[in-house]
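This report describes the fold, salt bridges and surface of one protein chain. Please view the sequence and the structure below before reading on.

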Amino acid sequence: MRFRGRGARRGFTFVELMISMIIVGSLSAIAVPKYIDLKRRANTTKVIGDFQAVRVAVMSFYADSSYFPDESDPGEIPANLTKYLPIGFTFERPEWTLDYENWDLGQGQGFTNASALIGVTIICQDPSLGETTSRLLGNVPQVSFSPSITFMVSGM
């Protein structure tokens, strides 16, 4: 044990500070990308939940009324669909916007027997969020036009 006199300085040496900073920097270099990926996955789960809520609401509306709601602008809930959605549900989120699509195909288009195609477009601010959502909803028919992806709900 070394005895220090009254005038002796206490603290860290430059080498000790540099080693500490290198360790903290290395841990940050690993943690920050993991945090970003974790946040993207959480948002992807929210996007998929929103899509599923709209899909169920649209099909419930169709079952009750025998027609699909008319198309609406991005971020707006279609008329008469609000009561089929969860309380407080919105089509506008900070990271994405939902857009309900209703394409009237008419009869005899040749490529499908459906007279209408119903879809939900997800307009993402972060392209990686859209890619992750697309990958996780891989079995749902979809069309991608960056920065948006349209997932088909129904074709009747």
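## Crossing of the two helices

In this predicted model, the axes of helix H1 and helix H2 (residues 127-136) come within 9 Å and cross at roughly 60°. H1 is therefore oblique to H2. The handedness of the crossing between H1 and H2 is right-handed.

The general description of such a pair is brief. Two packed helices are characterised by the angle between their axes and by the distance between those axes.

## Overall architecture

The secondary structure of the protein chain consists of 2 helices and 4 strands. Followed along the sequence, these elements appear in the pattern α-β-β-α-β-β. The protein chain has 156 residues, of which 31% count as buried.

Helix H1 spans residues 14-65. Strand S1 (96-104) comes after a loop that lies between H1 and this strand. Strand S2 covers residues 116-124.

## Salt bridges within helix H1

How many salt bridges does the structure hold? There are 4 salt bridges in the structure. One of them is formed by Arg-40 and Asp-37, whose closest N and O atoms are 3.9 Å apart. Both Arg-40 and Asp-37 belong to helix H1, where they are 3 residues apart, about one turn of the helix.

Asp-37 also meets the side chain of Arg-41 in a salt bridge, with an N to O distance of 3.2 Å. Asp-37 and Arg-41 are separated by about one helical turn, because they stand 4 residues apart in helix H1. Asp-37 has a relative accessibility of 31% and so counts as partly exposed. Arg-41, with a relative accessible area of 54%, is exposed, because the cut-off for this class is over 50%.

## A salt bridge between the loop and helix H1

The side chains of Arg-93 and Asp-50 form a further salt bridge, at 3.0 Å from N to O. Arg-93 lies in the loop between H1 and strand S1, whereas Asp-50 lies in helix H1, so this pair ties together parts that are 43 residues apart in sequence.

Are the two partners buried or exposed to some degree? Arg-93 is partly exposed, having a relative accessible area of 30%. Asp-50 is buried, since its relative accessible area is 7%, and buried means under 20%. Salt bridges with shared partners also join Asp-37, Arg-40, Arg-41 and Asp-126 into one network.

## The nonpolar surface patch

Which residues make the nonpolar surface patch of about 740 Å²? The patch is made by Phe-14, Val-15, Met-18, Ile-19, Met-21, Ile-23 and Leu-27. One of these residues, Val-15, is placed in helix H1. Val-15 is exposed, because its relative accessible area is 53% and the class begins at values over 50%.

## Leu-117 and a contact across the sequence

Leu-117 is found in strand S2. With a relative accessible area of 25%, Leu-117 is partly exposed, because this value falls between the limits of under 20% for buried and over 50% for exposed.

Leu-117 and Ser-154 are 37 residues apart along the chain. In the predicted model, the C-alpha atoms of Leu-117 and Ser-154 are separated by 5.9 Å.

Terms used
Residues are numbered from 1 along each chain as its sequence is written. This is a predicted model: local features need pLDDT of at least 70, side-chain atom pairs count only at pLDDT 80 or more; totals for chains, interfaces and linings use all residues. Side-chain values use heavy atoms; hydrogens and water are left out. Patches are made of residues with over 30% relative accessible area and no salt bridge: like charges are joined within 9 Å, nonpolar side chains (Val, Leu, Ile, Met, Phe, Trp, Tyr) within 5 Å. Accessible areas come from the Shrake-Rupley method with a 1.4 Å probe; for residues, only the protein chains shown count as cover. Buried means under 20% relative accessible area, exposed over 50%, partly exposed in between (1.4 Å probe, protein chains only). Axes are lines fitted to C-alpha atoms, for helices over the stretch in contact, and angles run from 0 to 180 degrees between N-to-C directions. Angles under 35 degrees count as roughly parallel, over 145 as roughly antiparallel, 65 to 115 as roughly perpendicular and the rest as oblique. A crossing is left-handed if the near helix is turned anticlockwise from the far one by less than a right angle, and right-handed if clockwise.
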